Amino acid sequence: MEDNKKDFKPYIPADKVVPEFTFTSIALGVVLAIVFGAANAYLGLRVGMTVSASIPAAVISMGIFRLIKRKNAILESNMVQTVGSAGESLAAGAIFTMPVIFLWAKEGVADKPSLLTISMISLCGGVLGVLFMIPLRNALIVKEHGVLPYPEGTACAEVLLAGEKGGSGAKSVFFGIGFASLFKFLVDGFKVIPGTITAVIKPLKTELSAEVYPALLGVGYICGPKISSYMLAGGILGWFVFIPAIAIFGADTILYPGTEAIKNIYLDGGASAIWSNYIRYIGAGMVAAGGIISLIKSMPLIFSTFKGAIVGMKDAGGKSTLRTEKDLNMKVVLIGVAVIILLIWLFPAIPVSLVGAILITIFGFFFGAVSSRMVGIVGSSNNPVSGMAIATLLFSTFVLKLTGDTGASGMVGAIAIGTIICIVTAMAGDTSQDLKTGFLLGATPVKQQIGEIIGAFVSAIAIGGVLILLDKAWGFGTTELSAPQASLMKMIVEGVMQGNLPWGLVFIGVFMAIVVEILGIPVLPVAIGLYLPLELSTSVMIGGVIRWFVDKKSKVKSDDSGSGVLFCSGLIAGEGLVGVLLAVLAVLGFEEKINLSEFVNLGTVGGIILLIIMIGCVVFFAMNNKAEGAEAGGGKKAEKTEK
């Protein structure tokens, strides 16, 4: 594509009108927003990570439009991924914070949030994220074309262009969904195969384990061997250094927050009990420090980009008559922002005070503008969303405490503020990437912006239903839904408001983060590996090894829009969707009726065999569909969402 912004001409010229904002594109986008939003909600609540829906949504839309023999549908496909990707972005912000209130409800601290509360909080954050980005489009997307690469947005444009010219990876996504659905049903539906393979290592008083789930392999493949190895390093640090050290040296010691001797904790629950009582606090400190470190390192860039974005806003909302330069009217944007801020303050279902609404206005616009530009420079994978969320929670909780809003109301208010800001940040970044894709293809900005808002509306309603459903089925903080990020946010808010954290363990994690940073290693992947159970990091690493193997054996290095990544995106979507379906069955009382474990139980051997089959499937699709993957995308880096 042409990088000279003065001579740039989009694929569809400004004077040419082709189908774009159609009933088919909006309806398909809405369906994919719900599908990928639900799937990513389930994935994020299990492993603390989400993956982008942009490229999978793009290839699915291309496949469907080809199936119905729709021609000149490139802008319709772009509209589908614009609306569809909103579901993932909004889900990411909601699931990493909102389950905290459910956890407090379980403890009797607060009431469970209603569907109306969850949906309204999510809707306000989603729409604000879109509106805050709109005035910046001209400055960031148009004027900075050729300067800001926007890797994910460019990759998605390449995929759509390749699909328009021939070739589609849609079948790879659908195959992934099918295989993952089958595997997930065998493990968690019929329960004929255990979900975890475990080997106890008695001399070290620990264990080595791996989960038998397709989504984890998919996450590892998409992240690649380097990020996966960082996660595994954190897991090894926790399970083969800290757990043995605590169990061996502190055998007769009663260490807070434990209530009995460490040796008794180990005898009662094994290495997992040691991890639950102690290691997760070390991990929480490391994750929090890692997020703040990434934010501090980005501060010069944050302030310079924010300043540049504000200066560029003076040309926003101009009177250009060109189709490709029309944005949503600035008066509509400003009125929309004002209405939403008032809604946040005055709507009874949203537990945010006037002080909180002011904080949301300040943090929301600042982080929204920062996120919109930073994803253009470093990509969404390196956008410090988690650092921004943690900083917001810390500051908001302190402010609410100082203003006398303490106890349950203050903590719930802080989480509501953090949720809205987290969604604003994620949605602003997603909107800027989508508008970059549209800019390259020749889409109409105002239509994309309306599409983003539609995606936010639909996703906000859907995410409320998904969270309530999952809570009824299993509950957050359980084996099925550990909700790691929400647990971290809960610790932060309680630690500031009540002062009840085991600060010694937390600061061990903080200084571990500093050591890792000094060594020049990315902190967050290592911290996430330490914070999560080892079986997750092990399976993610297996996916990373598969990616390394495929790259090594292939003459052309696999790219993040190739069929291997598309198949793995299908694995993630398939497992997430079946997870939601199983939650429905559990709520309806059918969970035990499909449980066949009393009749067939393949045990550890079955788990190993299934894991080998899953590995074989990923390798097969990554290697044998390489040519098709090359047609589907042009070697750009696809989107992974760092949280």
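**Entry 1: K112 and its partner**

I started at K112, which counts as exposed at 52% relative accessibility. My cut-offs, with a 1.4 Å probe and protein chains only: buried is under 20% relative accessible area, exposed is over 50%, and partly exposed is in between. Before going on, I noted that this is a predicted model, where local features need pLDDT of at least 70, side-chain atom pairs count only at pLDDT 80 or more, and totals for chains, interfaces and linings use all residues. Residues are numbered from 1 along each chain as its sequence is written, and side-chain values use heavy atoms, with hydrogens and water left out.

What does K112 form a salt bridge with? I found D471, with the closest N and O atoms 2.8 Å apart. For a salt bridge I need a side-chain nitrogen of Lys or Arg within 4 Å of a carboxyl oxygen of Asp or Glu. K112 lies in the loop between α4 (99–106) and α5, and D471 in helix α15 (residues 445–473), so the pair ties together parts that are 359 residues apart in sequence. D471, unlike exposed K112, is buried, with a relative accessible area of 11%.

**Entry 2: K184, D188 and E575**

Next I looked up K184. Its side chain meets that of D188 in a salt bridge, 2.6 Å from N to O. Both residues lie in helix α8 (residues 170–189), 4 residues apart, which is about one turn of the helix. I read helices (H or I, at least four residues) and strands (E, at least two) as DSSP runs, numbered from the N terminus. K184 counts as buried at 1% relative accessibility, while D188 is partly exposed at 22%.

K184 also forms a salt bridge with E575, the closest N and O atoms being 3.9 Å apart. This pair links distant parts of the chain, with E575 in helix α20 (residues 563–588) and K184 in helix α8, 391 residues apart. Buried or exposed? I checked E575 and K184, and both are buried.

Searching the whole structure gave me 10 salt bridges. I also noted a network of salt bridges that links E107, K490 and E494.

**Entry 3: cysteines**

How many disulfides does a search of the whole structure find? I got 0, taking a disulfide as a pair of cysteine sulfur atoms within 2.5 Å. I looked at two cysteines anyway: C124 counts as buried at 2% relative accessibility, and C617 counts as buried at 13%.

**Entry 4: two buried residues and what they touch**

I492 lies in helix α16 (residues 484–498) and is buried, with a relative accessible area of 9%. Not counting residues up to four places away in sequence, I see I492 touching I390, L393 and L394; contact means heavy atoms within 4.5 Å. I also took the C-alpha separation of I492 and G285: 9.3 Å, for residues 207 apart along the chain.

T206 is found in strand β3 (residues 206–211). Its relative accessible area is 1%, so I count T206 as buried. Which residues is T206 in contact with, leaving aside its neighbours within four places in sequence? My list is V200, I201, W239, F240, I243, P244, Y266 and A271.

**Entry 5: a nonpolar patch**

On the surface I found a nonpolar patch of about 580 Å², made by L342, W345, L346, L354, I358 and I362. Patches take residues with over 30% relative accessible area and no salt bridge, joining like charges within 9 Å and nonpolar side chains (Val, Leu, Ile, Met, Phe, Trp, Tyr) within 5 Å. Helices α11 (330–346) and α12 (354–378) each supply at least two residues of this patch. I picked out L354, which lies in helix α12 and is partly exposed, with a relative accessible area of 41%.

**Entry 6: whole chain and confidence**

I counted 22 helices and 4 strands in the chain. Buried residues make up 63% of its 643 residues. Of the contacts with a separation of 6 or more, 85% come from residues 24 or more positions apart. The accessible surface comes to about 23700 Å², and 67% of it belongs to carbon and sulfur atoms; areas are from the Shrake-Rupley method with a 1.4 Å probe, and for residues only the protein chains shown count as cover.

Last, I checked pLDDT, the predictor's confidence in each residue, from 0 to 100. The chain mean is 83, and 87% of the residues reach 70 or more. Confidence is highest in helix α5 (residues 115–133), at a mean of 94, and lowest in strand β4 (residues 640–641), at 40. Over residues 627–643 the pLDDT is below 50, and I noted that this stretch has 68 contacts in the model beyond near neighbours in sequence.
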